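Q: Could you walk me through this one before I set anything up? I'd like to begin with the cysteines and then move around from there.

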Amino acid sequence: MAKAILTLFFLLLSCSSAPMLTLADGQTWCVAKPSSDNAILQQNINFACSNVDCRSIFQEGCPCFSPNNLINHASIAMNLYYQTKGRNPWNCHFGNSALVVVTDPSYGSCTYE
């Protein structure tokens, strides 16, 4: 019995010290889940923009204004919030309507932080 417990202990110890997959630069972004409904996306925009400066989203002619739709604007606002608050997983939850991604979602002249 003691040998089994000792073996289990060493197995757990070796698993917990196993290297984790990490990104070379560690950069992550927060974007809206494509399956999120419009009401949730609007709530996310309202919440994020009450905590960060969202002027780049809502001013026509700004690089991230287009496409002018909720999923785009929500993704920009949610990412601004996520980046500003320290890129913690809990800063990209938004009621389970967001995803942390490792591929830069920037497009055209719109650069995600």
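Q: Counting the bonded cysteines along the chain, what pattern do the disulfides follow?
A: The pattern is 1-5, 2-3, 4-6, and please keep in mind throughout that this is a predicted model.

Q: OK, how many disulfides is that by count?
A: The count comes to three: Cys30 with Cys92, Cys49 with Cys54, and Cys64 with Cys110.

Q: Take Cys30 and Cys92, where do they sit in the chain?
A: Cys30 lies in strand β1, which covers residues 29-32, while Cys92 is in the loop between α4 and β2, so that bond links distant parts of the chain, 62 residues apart. The two sulfur atoms are 2.1 Å from each other, the link is right-handed with 85 degrees about the S-S bond, and both cysteines are buried.

Q: And Cys49 with Cys54, left-handed or right-handed?
A: That one is left-handed, because the torsion about its S-S bond is about -100 degrees, and the sulfur atoms are 2.0 Å apart. Cys49 is partly exposed with a relative accessible area of 24%, whereas Cys54, at 6%, counts as buried.

Q: What about Cys64 and Cys110, buried or exposed?
A: Cys64 is buried at a relative accessible area of 8%, and Cys110 is buried as well, at 1%. Their S to S distance is 2.0 Å, and the torsion of about 100 degrees makes this disulfide right-handed. The bond links distant parts of the chain, with Cys64 in the loop between α3 and α4 and Cys110 in the segment after β2, 46 residues apart.

Q: Why is there no bond for Cys62?
A: The closest cysteine sulfur to that of Cys62 belongs to Cys64, and because the distance is 8.3 Å, it is too far for a bond.

Q: Switching topic, how many salt bridges are there?
A: The structure holds one, formed by Arg55 and Asp53, whose closest N and O atoms are 2.7 Å apart.

Q: Are those two side chains buried or exposed?
A: Arg55 is exposed, with a relative accessible area of 55%, and Asp53 is partly exposed, at 44%. Arg55 belongs to helix α3, residues 55-58, and its C-alpha atom is separated by 9.6 Å from that of Ala77, which is 22 residues away along the chain.

Q: What's the overall order of helices and strands?
A: Along the sequence the chain reads α-β-α-α-α-β, which comes to four helices and two strands.

Q: How much of the chain is buried?
A: Of its 113 residues, 32% count as buried, and the accessible surface comes to about 7300 Å², with 62% of that belonging to carbon and sulfur atoms. As for contacts with a separation of 6 or more, 72% are between residues 24 or more positions apart.

Q: Last topic, how many aromatic pairs?
A: The count is three. One of them is Tyr81 with Phe94, an edge-to-face pair at 5.7 Å centre to centre, with 70 degrees between the planes. That pair links distant parts of the chain, Tyr81 being in helix α4 (residues 70-84) and Phe94 in the loop between α4 and β2, 13 residues apart.

Q: Which residues make up the cluster?
A: Phe47, Tyr81 and Phe94 form one aromatic cluster, in which Tyr81 is buried at a relative accessible area of 11% and Phe94 is buried at 12%.

How values were computed: Residues are numbered from 1 along each chain as its sequence is written. This is a predicted model: local features need pLDDT of at least 70, side-chain atom pairs count only at pLDDT 80 or more; totals for chains, interfaces and linings use all residues. Side-chain values use heavy atoms; hydrogens and water are left out. A salt bridge is a side-chain nitrogen of Lys or Arg within 4 Å of a carboxyl oxygen of Asp or Glu. Buried means under 20% relative accessible area, exposed over 50%, partly exposed in between (1.4 Å probe, protein chains only). Contact means heavy atoms within 4.5 Å. Accessible areas come from the Shrake-Rupley method with a 1.4 Å probe; for residues, only the protein chains shown count as cover. Rings of Phe, Tyr and Trp (its six-membered ring) pair if their centres lie within 6.5 Å; planes under 30 degrees apart count as stacked, over 60 as edge-to-face and the rest as tilted. A disulfide is a pair of cysteine sulfur atoms within 2.5 Å.
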